[in-house]
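Notebook open, coffee ready. Today I want to look up what sits on the inside of this chain and what sits on the outside.

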Amino acid sequence: MAVKITELQKQLMDRIDTSDLVQVEKVERYIDLVKSFRRINKIINKEGESITTENGSQRFTKAHPLISERNKINASLLSIEKSFGFEIEKETKYGARDLI
């Protein structure tokens with residue numbers, strides 16, 4: 001199930017300092033990239049992950065050109081996520097003493 005863009009944007013805006021215009025801009029860029037990623041994904045799903053190209057008498061199959069663009073967008077999304085600096089909740093490690 002895909003997350004609604006409006007809910008994603010709201011959650012991000014709730015987690016940042018909205019008075020910091022750089023952080024607000026990052027959220028806007030992130031949302032734009034998510035929209036682009038989804039559009040590209042929709043096209044790839046519709047057309048298939050490989051395409052057949054005909055050049056005169058030659059015919060060959062290759063990966064859809066948008067796959068590399070999708071990968072670039074994904075890398076950009078991950079980069080922006082890291083730049084937000086959200087703290088990741090660490091999993092609690094239990095030892096033998098915790099069993100008693």
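Below are my notes, starting with the core and then moving to one helix and one residue.

**Entry 1: the core.** I kept in mind that this is a predicted model. I looked up the largest nonpolar core and found 16 residues in it. Among those with the most contacts inside it are Leu 8, Val 27, Ile 31 and Phe 84. Then I checked where the core comes from: helices H1 (5-15), H2 (21-47) and H3 (66-84) each supply at least two residues. H2 gives the largest share, 7 residues.

**Entry 2: Leu 12.** This one is also on the list of residues with the most contacts inside the core. What does Leu 12 touch, leaving out residues up to four places away in sequence? I got Val 27, Tyr 30, Ile 31, Phe 84 and Phe 86.

**Entry 3: the two sides of H1.** I found Ile 5, Leu 8 and Leu 12 buried in H1. They cover an arc of only 65° around the axis, so they sit on the same side of H1. My textbook reminder: an α-helix has 3.6 residues a turn, so residues three or four places apart point the same way. The buried residues of H1 pack against H2 and H3. On the face turned away from that buried side I noted Thr 6, Lys 10 and Asp 14, which are exposed.

**Entry 4: Gln 23.** Is Gln 23, a residue of helix H2, buried or exposed? Its relative accessible area is 14%, which is under the 20% cut-off, so I wrote down buried. Leaving aside neighbours within four places in sequence, Gln 23 is in contact with Ile 16, Asp 17, Ser 83 and Phe 84.

Terms used. Residues numbered from 1 in each chain as written. Predicted model: local features only at pLDDT ≥ 70, side-chain atom pairs only at ≥ 80, totals over all residues. Heavy atoms only, no water. Core = buried A, V, L, I, M, F, W, Y, C linked by side-chain atoms within 4.5 Å. Buried < 20%, exposed > 50% of the residue type's maximum accessible area, 1.4 Å probe, protein only. Helix = DSSP H or I, 4+ residues; strand = E, 2+ residues; numbered from the N terminus. Contact = heavy atoms within 4.5 Å. Arc of directions from axis to C-beta.
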